[in-house]
Amino acid sequence: MNVKTSTKVKTPVKTLGDAASDAIEKYFRKTVEHESEVLKDKDAEELHQMRVGMRRLRSAVTGFAPVLDLPKEASERKIGKVGRILGTLRDLDVMLESLQNRYYPNLPAHEQEVLDEALLNLLKQRRRALKGVRAVLEHKSYLSLKQSIENWLDKPQFRAIEHLPIAEVLPDLLLPQVSEFFLHPAWLLGTEYADGKVKVADDLNESAVEEKLAAEGTILHDLRKQAKRVRYLMNLFGDFYGETYEAYVEDVKAVQECLGDIQDCEVLAEFMTDFVGSDLQKELPKLAGLLAENRYGAWQKWQVLQRKYLKSEVREGLRSTLINPVDVDGG
């Protein structure tokens with residue numbers, strides 16, 4: 001299906017409906033413009049950009065849910081399903097790139113030989129995943145998803161609150177997602193409660209962190225996903241806030257990235273452990289050591305942000321910023 005180029009004349013966003021339709025159009029266009037190149041599979045960056053576009057589209061649909069009246073063919077669930085298929089292929093690309101470029105050159109010859117076999121295994125997985133992506137992007141359900149969004153953009157349908165001034169309702173859109181971010185249990189990983197205060201442990205060595213991540217690391221991955229949702233939503237509204245707001249967006253991005261580094265190391269370690277069929281430290285000690293070292297470095301970066309955002313004044317500062325957007329229309 002040929003997706004038409006938007007001819008909408010850009011005007012200053014004034015209402016909640018305007019903001020919602022602009023966000024959905026922006027991310028929908030960003031997603032589909034990479035589709036043909038993803039099918040050709042010549043450049044991994046095209047897949048990355050399409051996946052990011054799909055995630056941001058899903059975030060926009062979720063964030064603007066109170067005002068949107070979307071067809072069921074364009075539901076958040078269906079957008080998410082396509083995103084997950086793209087994500088499977090993208091995750092394999094990330095693993096291949098990391099093993100080849102970050103780890104392989106730093107391993108002794110006998111560990112490189114094992115990695116050669118593992119890379120071949122990943123390439124086989126990637127070929128299967130690519131078939132899955134092509135099948136989804138050529139399936140009638142995906143074509144229906146695109147067409148229904150096109151039809152909606154031609155004549156957007158909203159709930160009754162569409163005419164509310166965006167500057168007045170921004171806090172109501174942003175605060176629920178930020179509240180979920182702040183209330184996530186991962187903020188308390190590696191802390192202790194004493195004398196009425198939460199204290200981040202600063203004496204955890206590499207092995208202690210390994211144990212903690214093995215036992216409870218999945219909640220960090222979940223916080224990473226929430227950070228991504230918050231970041232994508234906040235990115236929509238930079239024009240309504242100032243430099244302080246942008247600094248908070250950068251912090252959320254930093255949380256996402258350092259937790260992503262931890263997760264990437266975990267995924268690689270699990271894959272390689274399964275591949276060798278025994279203890280990774282015993283079979284590939286150098287690789288195991290590098291993975292643990294990088295994971296610990298990412299953990300230390302996380303702790304800096306964790307300490308910062310466990311301070312009530314920092315959290316209150318973000319809430320206060322969100323409550324006071326600038327009325328860019330001067331009204």
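**Exercise 1. Surface and overall form**

Task: State what the accessible surface of the protein comes to, and what share of it belongs to carbon and sulfur atoms.

Solution. In this predicted model, the accessible surface is about 17,200 Å². Carbon and sulfur atoms account for 50% of that area. Turning from the surface to the interior, 45% of the 331 residues count as buried.

Task: Determine whether the radius of gyration agrees or disagrees with that of a compact globule.

Solution. The first step is the reference value: for 331 residues, a compact globule would have a radius of gyration near 20 Å. The second step is the value for the protein, which is 22 Å. The two agree. As a further description of the form, the C-alpha atoms fill a box of roughly 65 × 60 × 30 Å along the principal axes.

**Exercise 2. Secondary structure and contacts**

Task: Give the number of helices and strands, and the pattern they follow along the sequence.

Solution. The protein has 12 helices and two strands. Read along the sequence, the pattern is α-α-α-α-α-α-α-β-β-α-α-α-α-α. Contacts add to this picture: among those between residues at least 6 apart in sequence, 80% join residues at least 24 apart.

**Exercise 3. Helix α5**

Task: Compare the reach of helix α5 with its expected span, then identify its buried residues and what covers them.

Solution. Begin with the span. Helix α5 runs over residues 109-137, which is 29 residues, and reaches 41 Å from its first C-alpha to its last. This is close to the expected 42 Å.

Next, consider burial. The buried residues of α5 include Leu115, Leu119, Leu122, Ala129, Leu130 and Val133. Also among them are Glu111, Gln112 and Arg126. The spacing within a helix can be read with one general rule: an α-helix has 3.6 residues a turn, so residues three or four places apart point the same way.

Finally, the cover over the buried residues of α5 includes α2 (35-40), α3, α4 (76-103), α6 (140-154), α9 and α11.

**Exercise 4. Helix α7 and glutamine 177**

Task: Describe the span and the bend of helix α7, and locate the bend.

Solution. Helix α7 covers residues 166-182 and has 17 residues. Its reach of 24 Å is close to the 24 Å expected. The helix nevertheless bends by about 30 degrees at leucine 175, and proline 176 follows within four residues.

Task: Decide whether glutamine 177 is buried or exposed, and name its contacts.

Solution. Glutamine 177 lies in helix α7. Its relative accessibility is 12%, so glutamine 177 counts as buried. Other buried residues of α7 include Leu170, Pro171, Leu174, Val178 and Phe181. Their cover includes α1 (16-32), α3 (44-63), α8 (206-235), α9 (243-276), α11 (285-309) and α12 (312-323). Leaving aside neighbours within four places in sequence, glutamine 177 itself is in contact with Thr62, Gln226, Arg229, Val230 and Leu233.

**Exercise 5. Isoleucine 219**

Task: Establish where isoleucine 219 lies, how accessible it is and which residues it touches.

Solution. Isoleucine 219 is placed in helix α8. Its relative accessible area is 25%, so isoleucine 219 is partly exposed. Not counting residues up to four places away in sequence, isoleucine 219 touches His184, Pro185, Ala186 and Leu189. Histidine 184 is 35 residues away in sequence, and its C-alpha is 8.5 Å from that of isoleucine 219.

**Exercise 6. Disulfides**

Task: Count the disulfides, and explain why cysteine 265 does not bond to cysteine 258.

Solution. The count is zero disulfides, with a cut-off of 2.5 Å between the sulfur atoms. Cysteine 258 is in no disulfide; the nearest cysteine sulfur, that of cysteine 265, is 12 Å away. For cysteine 265, the closest cysteine sulfur is that of cysteine 258, and at 12 Å it is too far for a bond. Cysteine 258 is buried at a relative accessible area of 4%, and cysteine 265 is buried at 3%.

**Exercise 7. Positive phi angles**

Task: Describe the phi angle, location and accessibility of aspartate 41 and of aspartate 195.

Solution. Most residues other than glycine have a negative phi. Aspartate 41 is not a glycine, yet its phi is positive, at about 60 degrees. This residue is found in the loop between α2 and α3, and at 27% relative accessibility aspartate 41 is partly exposed.

Aspartate 195 has a positive phi of about 55 degrees. Its place is the loop between β1 (191-194) and β2 (197-200). At 81% relative accessibility, aspartate 195 counts as exposed.

Note on methods:
Residues numbered from 1 in each chain as written. Predicted model: local features only at pLDDT ≥ 70, side-chain atom pairs only at ≥ 80, totals over all residues. Heavy atoms only, no water. Expected span 1.5 Å × (residues − 1). Bend = angle between axes of the 7 residues up to and from the residue. Buried < 20%, exposed > 50% of the residue type's maximum accessible area, 1.4 Å probe, protein only. Contact = heavy atoms within 4.5 Å. Rg over C-alpha atoms; globule rule 2.2 N^0.38 Å. Areas by Shrake-Rupley, 256 points an atom, 1.4 Å probe, with all protein chains shown as cover.
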